[in-house]
Every structure is written in structure tokens, then in C-alpha cells.
Amino acid sequence: MSDELNDLYQDIILDHHRRPRNRGQLENPSAKGEGFNPLCGDELTVFLKMDGDKIADVKFIGQGCAISQASASLMTQRVKGKFVPEAREAIADIKSLLLGENEAPIEVEERVGDVIALKGVRKFPARVKCATLAWHALEAALAGSGKVTTE
């Protein structure tokens, strides 16, 4: 990856950490997922307001490192206004991007939008759990299972 691309990705992560989008709690959420990363102490709660099979609104609260907070912000932007199957596809894409044994296919990289900024985390296995925490919490909220851990 070029230095310019690394710089752009780092800028996106820092921007979402400093100015997270969709931070806050939804009143009377339709679903909620809580995630905890015991390795570094990151904690997130994702709130969903559903309109049928569509994620009408999504917010998160929590504390953690810059990567976990930026990932949560990016995740909310990626799934807000999407239908559940699209949100599940986004979850699968992030898992392919960060957890797959091989590089994610180019079509996955093209679909993820700004979430591609997290790709560099793949080089640091301990930080992958930080980057995927919000996505696991989203998955738990969609499944109605409530709480998840990255362990």
C-alpha cells in the first residue's frame, strides 16, 4: 500500500475518532447489541431503530481506543438506512476485509466505502478485535442476542 493511501486511511480513522458520527443513545430502540473486548477494555453498545426490515437509525455509545471508536462511527454510516440483508452483507464484508485468511476480494473492497480505512489494521492482529467490535455488536443487535465479546 502506498504511503499516500496509508495517510488517507489514517486521516479517515482519526477524523471518525475525533468527530464520531452517530454517537449517542436512541430512546426506545428496537434492538440493542453490547460488545466487549476484554483484551484492551473496549466497550460499545449499538442501538437500532427499525422500520420493518430497514435500519431507520443507528447510534452507539462506549469507550475504547481510537480504532474501536472510529470503526463504530464508520459502521453506523455504512448501515444507516439499509435493509437487514444489506447490513448483514456489510458485516460479512468487514469480516472478509479484516479476518479472512487471504486478502479480501476487490469487489468487497469496492463495496465497503470509507470502511476500507480499517484495512491496515489487518497487519496488527491484536487491533483487529478493536476494529471488529462494533460490527459484532451490530450483529448481536440484529440477531436479538444482546451481548458479545471478541474472545
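## Close-ups of a predicted model

**View 1. Asn37 and the company it keeps.** Skip the neighbours within four places in sequence, and Asn37 is in contact with Asp42, Lys129, Cys130, Leu133, Thr150 and Glu151. This is a predicted model, so read every value here as computed from it. Asn37 is found in strand 1, which covers residues 31-37. Its relative accessibility comes out at 0%, and because buried means under 20%, Asn37 counts as buried. There's also a polar link to the backbone: a polar atom of the Asn37 side chain lies 3.1 Å from the backbone nitrogen of Leu39.

**View 2. The hairpin of strand 1 and strand 2.** These two strands run antiparallel, with seven bridges joining them. If you want a spot to anchor on, take Gly33, which stands opposite Val46 in strand 2. Four residues sit between the strands of this hairpin, and in the turn Gly41 has a positive phi of about 90°.

**View 3. On to strand 3.** Strand 2 (residues 42-51) is also joined to strand 3 (residues 54-63), this time by nine bridges, and the pair runs antiparallel. Two pairings help you find your way along the ladder: Leu44 stands opposite Gly62 in strand 3, and Phe47 has Lys59 as its bridge partner there. As you look along the strands, keep in mind that side chains in a regular strand alternate between the two faces of the sheet. Two residues lie between strand 2 and strand 3 in their hairpin, where Gly52 takes a positive phi near 70°.

**View 4. Helix 2, end to end.** Helix 2 runs over residues 66-79, and its 14 residues should span 20 Å at 1.5 Å a residue. The C-alpha atoms at its ends are 20 Å apart, so the model agrees with that expectation. Just past the helix, Gly81 takes a positive phi of about 85°.

**View 5. Helix 2 and its surroundings.** Eleven of the 14 residues in helix 2 are buried, so the helix is largely enclosed by the rest of the structure. The buried set is made up of Ile67, Ser68, Gln69, Ala70, Ser71, Ala72, Ser73, Leu74, Met75, Thr76 and Val79. When you trace that list around the helix, remember that an α-helix has 3.6 residues a turn, so residues three or four places apart point the same way.

Methods:
Residues are numbered from 1 along each chain as its sequence is written. This is a predicted model: local features need pLDDT of at least 70, side-chain atom pairs count only at pLDDT 80 or more; totals for chains, interfaces and linings use all residues. Side-chain values use heavy atoms; hydrogens and water are left out. Two strands pair if DSSP finds at least two bridges between them. The expected span of a helix is 1.5 Å times one less than its number of residues. Buried means under 20% relative accessible area, exposed over 50%, partly exposed in between (1.4 Å probe, protein chains only). A polar contact is a pair of N or O atoms within 3.5 Å; within protein, one must be able to donate a hydrogen and the other to accept it, and residues adjacent in sequence count only if both atoms are side-chain atoms. Contact means heavy atoms within 4.5 Å.
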